[in-house]
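Please go through the structure below, starting at the ligand and moving outward to the backbone. The text follows that order.

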Amino acid sequence: MAHSSDFPGARLGGFPTIRLRRLRHHPRVRHLIRETTLTGENLILPLFVRPGRGIRKEIASMPGNYQLSIDCLVEEVGAALDLGVHSFLLFGIPTHKDAAGSSALDPEGIVQQALRALRKQYGDRALLITDECFCEYTDHGHCGVLTKATGRLDLDNDATLPLLAQQCVSHAQAGADLMAPSGMLDGMVGAIRSALDTAGFSHIPIMSYSAKYASGFYGPFREAAESPPQFGDRSSYQMDPANSDEALREVELDLAEGADIIMVKPALAYLDIIRRVKDRFGVPVAAYNVSGEFAMVKAAAQKGWIDERRIVLEILTSIKRAGADMIVTYFARDVVQWLQ
Ligand code: PBG
């Protein structure tokens with residue numbers, strides 16, 4: 001009997017019959033076999049709105065990003081729409097902060113006013129997503145009301161839930177298309193879902209920040225949103241960066257409560273989490289390329305140490321390759337221009 005290596009096809013098992021470089025030779029073939037494509041349709045641009053008129057205040061650690069008064073926000077969204085960015089995630093910086101973050105629920109609150117202005121100007125052209133959380137509205141900077149019931153000053157989970165639900169209903173009434181609760185409270189998706197349904201908004205989806213880590217990468221954002229915690233940190237509600245199985249439990253619970261899209265945040269240091277979530281659940285996944293990830297690239301680019309465009313496209317492609325269907329990124333405007 002002939003030895004298997006005597007057959008003419010035996011070398012099909014490997015080199016030199018198989019040469020993976022063959023598919024890299026012709027540029028058109030490289031394009032044919034590309035597995036991951038970045039498009040503007042999958043990008044979401046975060047924007048910060050504040051009271052006043054004619055205000056366009058650059059955020060020092062996030063060059064090219066501004067705190068905008070509503071008139072300037074309307075212009076900014078118009079310019080982004082013209083470039084090809086269609087989805088926006090709104091954060092509000094209110095005039096007034098208190099212990100309960102009550103201005104978040106005000107029908108005349110900053111985000112509610114911004115939603116109405118944008119809806120009036122752009123109708124359905126702009127997809128308006130709202131961050132649903134209290135850290136921008138509370139004077140202590142935590143993501144809801146506080147309690148000392150356990151002997152340790154901490155976020156009062158169950159007392160915050162109805163407030164969060166009210167905030168969402170108020171944003172839906174003002175014209176929001178999609179809710180993005182970011183507070184990492186137990187039961188938040190269920191509370192929001194039932195409040196929206198009761199108020200006649202059963203068609204509005206929830207994009208839950210299900211696996212949100214207690215991360216140093218949010219530093220520049222907290223300057224942007226004027227929302228740093230005034231004491232302690234967010235480790236009693238946001239996740240430990242060391243954990244991965246726990247992220248799957250968070251996602252599973254949010255899906256059971258009715259989450260439509262699952263967010264993993266930050267993105268770059270958590271690509272493994274994105275991949276696990278996608279593989280395990282097969283649901284729409286969003287990743288948030290957060291402020292610190294943006295600032296690092298910007299700073300290095302300004303020093304001339306890296307090629308910004310190349311690095312940004314590589315980072316965002318890697319986030320998609322890891323399993324994200326959509327990416328929240330401060331680079332959205334640049335990227336749609338680069339992709340043209
Ligand atoms: C909370 C919220 C934060 C971010 C988005 N939503 C900050 C936090 O949890 O401290 C961070 C986004 C970023 O860093 O770009 N409302």
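In this predicted model, a polar side-chain atom of Y330 lies 2.6 Å from an oxygen atom of the ligand. S291 also places a polar side-chain atom by an oxygen atom of the ligand, at 2.7 Å. For S182 the partner is a nitrogen atom of the ligand, and the distance from the polar side-chain atom is 3.3 Å. How much of the ligand's accessible area does the protein cover? On its own the ligand has 400 Å² of accessible area, and the protein covers 100% of it.

The site as a whole can be described next. The ligand sits in the largest cavity. Around the ligand there are 18 residues, and the closest are K212, R222, K265, S291 and Y330. Sorted by class, this shell holds nine nonpolar, six charged and three polar residues. S291 and Y330 thus appear both among the closest residues and in the side-chain distances given above, with 2.7 Å for S291 and 2.6 Å for Y330.

K265, one of the closest residues to the ligand, also takes part in a backbone feature. Its peptide bond to P266 is cis, with omega near -10°. P266 is in the loop between β10 (261-265) and α8 (271-281). Another cis peptide bond joins F15 and P16, where omega is about 10°. P16 belongs to the segment before α1 (27-32).

The backbone at M184 also deserves a look. Phi is positive there, about 55°, although M184 is not a glycine. This residue is in the loop between β8 (178-181) and α5 (188-198). As background to these backbone features, most peptide bonds are trans, and most residues other than glycine have a negative phi.

Charged pairs come last. How many salt bridges does a search of the whole structure find? The search finds 12 salt bridges. One of them pairs R53 with D71, and the closest N and O atoms are 4.0 Å apart. Which parts does this pair tie together? R53 lies in the loop between β1 (43-49) and β2 (56-58), while D71 lies in helix α2 (residues 70-83), so the pair ties together parts that are 18 residues apart in sequence.

Technical notes. Residues numbered from 1 in each chain as written. Predicted model: local features only at pLDDT ≥ 70, side-chain atom pairs only at ≥ 80, totals over all residues. Heavy atoms only, no water. Near = heavy atom within 4 Å. Polar contact = N/O pair within 3.5 Å; in protein donor to acceptor, adjacent residues only side chain to side chain. Areas by Shrake-Rupley, 256 points an atom, 1.4 Å probe, with all protein chains shown as cover. 1 Å grid on protein atoms, 1.4 Å probe; cavity = no way out; pocket = protein on both sides within 12 Å on 5 of 7 lines; lining within 4 Å. Sits in = over half its atoms within 2 Å of the grid points. Nonpolar A, V, L, I, M, F, W, Y, C, P; charged D, E, K, R; others polar. Salt bridge = Lys/Arg side-chain N within 4 Å of Asp/Glu carboxyl O. Helix = DSSP H or I, 4+ residues; strand = E, 2+ residues; numbered from the N terminus.
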